[in-house]
Amino acid sequence: KLFNSRLLERKKEDAAFEFADITHFALGLLYDENAEDKKTVLARSLSLNFSEILIDEYQDTSRAQDTLFTCLSKNGENMFMVGDVKQSIYRFRLASPEIFIEKSESFPYYDGKAKKSKIILSKNFRSRKGIVEGVNFLFDSLLSKECGEIEYNDDEKLNFASSFPESD
């Protein structure tokens, strides 16, 4: 505790904060574990300013970041998240792809009514058919709940959706 206290004082003197420091400062301003909705007065006030919160690469969100997004949202109802858990590469930065998986598994498919729902974007317009087929073969052979944390099912598979000129 003494070390952390002195280190923080030194960081303040040098105005040299790390990303994690700034995240925790923000949490201190927006998150109140004793509040019923976990939001501070400041968070409730700020959340009124956001009609939408758009989050890309959501599979690489940490628990702290997810808490900040939730604090700034209208009870999560105005959050739009995009991601692909198969592309998660930032666990070394404390990313928690299981947050994405939990939400994906709990949200119903979009029906035009439910605010909290999911839309599967499975069409691949960037790769040739052979690449898509190769990726699907590899992932279908490797990914499972035990290895990769997801079943490689129809929601996860890529679907070839483009046309390319013939080429070797």
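Partly exposed, in these notes, means a relative accessible area between 20% and 50%, with buried under 20% and exposed over 50%. I am working on a predicted model.

**Entry 1: F139**

I started with F139, which sits in helix α6, residues 129-142. Buried or exposed, or in between? F139 comes out at 26% relative accessibility, so I log F139 as partly exposed. I then listed its contacts, skipping neighbours within four places in sequence; they are K86 and Y152. I also took one C-alpha to C-alpha distance, from F139 to E151. The two are 12 residues apart in sequence and 9.4 Å apart in space.

**Entry 2: the second largest pocket**

Next I turned to the second largest pocket. Its space is about 290 Å³. Which elements give two or more residues to its lining? I find α2 (19-30) and α4 (63-72). The most comes from α2, with 4 residues.

I wrote out the lining residues in sequence order. They are F19, A20, T23, H24, D60, S62, A64, Q65, Y90, R93, L94 and A95. Sorted by class, I get 6 nonpolar, 4 polar and 2 charged residues.

**Entry 3: α2 against α4**

I looked at how these two helices meet. The axes of α2 and α4 come within 10 Å. They cross at roughly 35°. I noted the hand of the crossing as left-handed.

Which residues make the contact? From α2 I have F19, T23, A26, L27 and L30. From α4 I have A64, Q65, T67, L68, C71 and L72. By class, this contact holds 8 nonpolar and 3 polar residues, and no charged ones.

I checked these names against the pocket list. F19 and T23 of α2 are in the contact with α4, and F19 and T23 also line the pocket. For α4, A64 and Q65 are in the contact, and A64 and Q65 are in the lining too.

**Entry 4: α5**

I moved on to α5, residues 97-106. Its buried residues are P97, I99, F100 and I101. What do they pack against? I find α4.

**Entry 5: the loop between β2 and α5**

I looked up three residues in this loop.

G83 lies between β2 (79-81) and α5. Its relative accessible area is 32%, so I class G83 as partly exposed. Beyond four places in sequence, G83 is in contact with Y58, Q59 and F100. F100 is one of the buried residues of α5. D56 is 27 residues from G83 in sequence. In space, the C-alpha atoms of G83 and D56 are 6.3 Å apart.

R91 is in the loop between β2 and α5 as well. I get 44% relative accessibility for R91, so R91 is partly exposed. Outside its neighbours up to four places away, R91 touches P97, E98 and E149. I also took R91 to D154. That pair is 63 residues apart in sequence and 26 Å apart in space, C-alpha to C-alpha.

S96 is the third residue I looked up, again between β2 and α5. Why do I count S96 as buried? Its relative accessibility is 8%, and the cut-off for buried is under 20%. Leaving out neighbours within four places, the contacts of S96 are Q59, T61, S62 and R63. Q59 is also in contact with G83. S62 is also in the pocket lining.

**Entry 6: positive phi**

Last, I looked at backbone angles. Most residues other than glycine have a negative phi. Which residues did I log with a positive phi although they are not glycine? N75 is one, at about 55°. E149 is another, at about 70°.

N75 is in the loop between α4 and β2. Its relative accessible area is 55%, so N75 counts as exposed.

E149 is in the loop between α6 and β4 (159-160). At 29% relative accessibility, E149 is partly exposed. E149 has come up before in these notes, as a residue that R91 touches.

Methods
Residues numbered from 1 in each chain as written. Predicted model: local features only at pLDDT ≥ 70, side-chain atom pairs only at ≥ 80, totals over all residues. Heavy atoms only, no water. 1 Å grid on protein atoms, 1.4 Å probe; cavity = no way out; pocket = protein on both sides within 12 Å on 5 of 7 lines; lining within 4 Å. Points joined across faces, edges and corners; volume = space filled by probe spheres on them. Nonpolar A, V, L, I, M, F, W, Y, C, P; charged D, E, K, R; others polar. Buried < 20%, exposed > 50% of the residue type's maximum accessible area, 1.4 Å probe, protein only. Contact = heavy atoms within 4.5 Å. Axes fitted to C-alpha atoms, helices over the stretch in contact; angles between N-to-C directions. Left-handed = near helix turned anticlockwise from the far one by under 90°.
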